[in-house]
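The following exercises are to be worked with the sequence and the three-dimensional model at hand. Each task is followed by a solution in steps.

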Amino acid sequence: MNVSFFIARRYLVSKKSHHAINIISAISVVGVAVATLALVCTLSVFNGFRDLVAQLFTSFDPQLEVTTAAGVSVQADDPALACVRRDPDVSVVTECMEDQALALFRGRQAVVTLKGVDDNFVRCTDLEDILYGEGTFMLHAADLNYGVPGIGLAMQLGCGYRYEGAITVCAPRKGERVNMANPAASFNIDELYSSGLVFSVRQRKYDDNLLLCPIDMARRLFDRPGEVTSLELKLAEGADAETVKERLQNSLGDRFVVKDRYDQQEDVFRIMNIEKVIAYIFLTFILLVACFNIIGSISMLIIDKKHDIDTLRHLGADDRFIERVFLFEGWLISTVGALIGIVLGLALCLAQQHFGWLKLGESSGNFIIDAYPVSVHALDVVAIFITVAVVSFVAIWYPVRRLTRRLL
């Protein structure tokens with residue numbers, strides 16, 4: 001066994017001649033433990049919100065989406081897209097045409113994102129899980145086109161999920177300027193009837209802006225016959241999304257971009273990751289301050305153990321040996337504090353998951369969930385322990401060297 005480590009371990013648990021040293025050492029352990037606990041709980045809450053948002057998005061977003069790298073749309077029969085349709089791990093391919101339009105209903109109007117989709121769209125996503133109303137999902141019948149608005153858009157237009165009459169949808173004609181004498185002549189106009197349904201993703205990006213319609217109608221409205229803005233893919237059961245994504249991207253080349261569900265919401269998850277990193281940095285500074293308490297504890301321990309150090313010198317110990325003793329002492333204090341903080345943090349996260357003690361608001365029903373979501377990731381726990389080890393080393397190493405040389 002390393003002799004300096006053995007002595008440091010004995011100093012950690014042995015009774016000191018001055019009781020205040022034990023108290024200061026205990027305070028140092030508690031400080032590191034509280035900072036570590038805060039890191040575990042805070043990062044786990046960020047993970048919980050991230051997982052919650054991912055669950056909400058995945059009810060509507062496809063497993064993979066193919067879009068153009070440059071430009072808005074491309075011909076649906078583009079030869080490069082043939083490899084997507086032939087891929088054995090792709091079970092459903094839905095063509096989409098998406099752009100901005102103006103929706104009008106009984107004197108109310110709203111700028112919407114009109115999304116034209118194939119009839120198999122409901123098979124490509126989990127749309128049925130977020131549909132509300134008294135109808136059946138359908139996009140057209142005979143000469144009638146049916147629309148499915150988001151619940152927020154339906155309330156904005158005042159049409160509800162089963163409305164009388166039709167929603168008028170307008171889009172400017174491609175390549176034409178608005179004729180001020182007769183503005184209506186510069187727009188393509190069509191109508192959407194009620195299918196008796198609305199959808200609710202619980203995200204304003206979708207619920208307040210999106211209106212689903214048949215893709216043929218969207219192509220006519222936007223003057224893009226035979227074109228698509230994206231292909232949405234559902235994979236065969238057991239297929240790995242990341243593997244299929246890489247294979248399709250290699251086949252399609254630089255003209256197209258293949259996105260998984262996280263890529264489709266890149267802005268949202270990037271912001272959440274930035275917030276998590278900022279919280280981690282601030283809490284690391286608090287941990288650094290807590291580690292400075294260890295320096296005071298070690299300095300008093302060095303004074304208290306002068307007689308022991310003299311004995312070690314007579315036995316042949318040099319300055320480096322004595323420095324290592326007190327370095328190990330500081331690292332043991334920080335390690336014990338880190339382990340206590342991680343255990344308590346994991347216990348609190350587990351309790352929050354099961355009992356939901358920490359609420360988001362005073363009254364239930366105001367938010368999607370009532371309590372703060374928590375998700376513990378093993379990689380975060382490992383990163384926190386490494387952070388404590390590195391920060392304590394940085395905080396202790398130089399001061400301990402200076403203290404041992406000055407006080408001894």
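**Exercise 1. Overall composition**

Task: State how many helices and strands the protein has, and what share of its residues is buried.

Solution. The secondary structure of this predicted model comprises 13 helices and 14 strands. Of the 408 residues in the protein, 46% are buried. As to contacts, among those between residues at least 6 apart in sequence, 79% join residues at least 24 apart.

**Exercise 2. The setting of strand 1**

Task: Determine whether strand 1 is enclosed or open, and identify its pairing partners.

Solution.
1. Strand 1 covers residues 64–68, and 5 of its 5 residues are buried; the strand is therefore largely enclosed by the rest of the structure.
2. The side chains divide into two sets: Leu64, Val66 and Thr68 point one way, whereas Glu65 and Thr67 point the other way, and all are buried.
3. One partner is strand 13 (residues 230–235), paired with strand 1 in the antiparallel sense over 4 bridges. In this pairing Val66 stands opposite Leu231.
4. Another partner is strand 14 (residues 256–260), also antiparallel to strand 1, over 5 bridges. Here Thr67 faces Val257.

**Exercise 3. Nonpolar cores**

Task: Name the residues of the largest nonpolar core that touch the most other members, and follow the contacts of Val66.

Solution.
1. The largest nonpolar core has 42 residues, of which Val66, Leu114, Val169 and Leu233 touch the most other members.
2. Strand 3 (residues 90–105) supplies the largest share of this core, with 6 residues.
3. Setting aside residues up to four places away in sequence, Val66 touches a set of residues including Leu81, Val84, Leu231, Leu233, Leu252 and Val257.
4. A second core, separate from this one, has 34 residues, among them Ala35, Ile322, Leu327 and Cys349.

**Exercise 4. The buried face of helix 8**

Task: Establish how the buried residues of helix 8 are arranged and what they pack against.

Solution.
1. Helix 8 (residues 241–252) has 12 residues and reaches 16 Å from its first C-alpha to its last, close to the 16 Å expected at 1.5 Å a residue.
2. Its buried residues are Val244, Lys245, Leu248 and Leu252.
3. Viewed down the helix axis, the buried residues of helix 8 fall within an arc of 105°, so they line one face of the helix.
4. These buried residues pack against strand 1, helix 3 (82–86), strand 13, strand 14 and helix 9 (261–264).
5. Just after helix 8, Gly253 adopts a positive phi of about 80°.

**Exercise 5. Gln109**

Task: Decide whether Gln109 is buried or exposed, and list its contacts beyond its sequence neighbours.

Solution.
1. Gln109 lies in strand 4 (residues 108–117).
2. The relative accessible area of Gln109 is 54%. An area over 50% counts as exposed, so Gln109 is exposed.
3. Leaving aside neighbours within four places in sequence, Gln109 is in contact with Leu102, Ala103, Leu104, Gln156 and Leu157.
4. Val169 is 60 residues from Gln109 along the chain, and their C-alpha atoms are separated by 9.6 Å.

**Exercise 6. Aromatic pairs**

Task: Classify the pair formed by Phe355 and Trp357.

Solution.
1. Rings pair if their centres lie within 6.5 Å, and the count by this rule is 5 aromatic pairs.
2. Phe355 and Trp357 form a pair with 5.2 Å centre to centre and 5° between the planes. Planes under 30 degrees apart count as stacked, so this pair is stacked.
3. Both Phe355 and Trp357 are exposed.
4. Phe328, Trp331 and Phe393 form one aromatic cluster.

Notes:
Residues are numbered from 1 along each chain as its sequence is written. This is a predicted model: local features need pLDDT of at least 70, side-chain atom pairs count only at pLDDT 80 or more; totals for chains, interfaces and linings use all residues. Side-chain values use heavy atoms; hydrogens and water are left out. Rings of Phe, Tyr and Trp (its six-membered ring) pair if their centres lie within 6.5 Å; planes under 30 degrees apart count as stacked, over 60 as edge-to-face and the rest as tilted. Buried means under 20% relative accessible area, exposed over 50%, partly exposed in between (1.4 Å probe, protein chains only). Two strands pair if DSSP finds at least two bridges between them. Contact means heavy atoms within 4.5 Å. The expected span of a helix is 1.5 Å times one less than its number of residues. The arc is that of the directions from the helix axis to the C-beta atoms. A nonpolar core is a set of buried Ala, Val, Leu, Ile, Met, Phe, Trp, Tyr and Cys residues joined through side-chain atoms within 4.5 Å.
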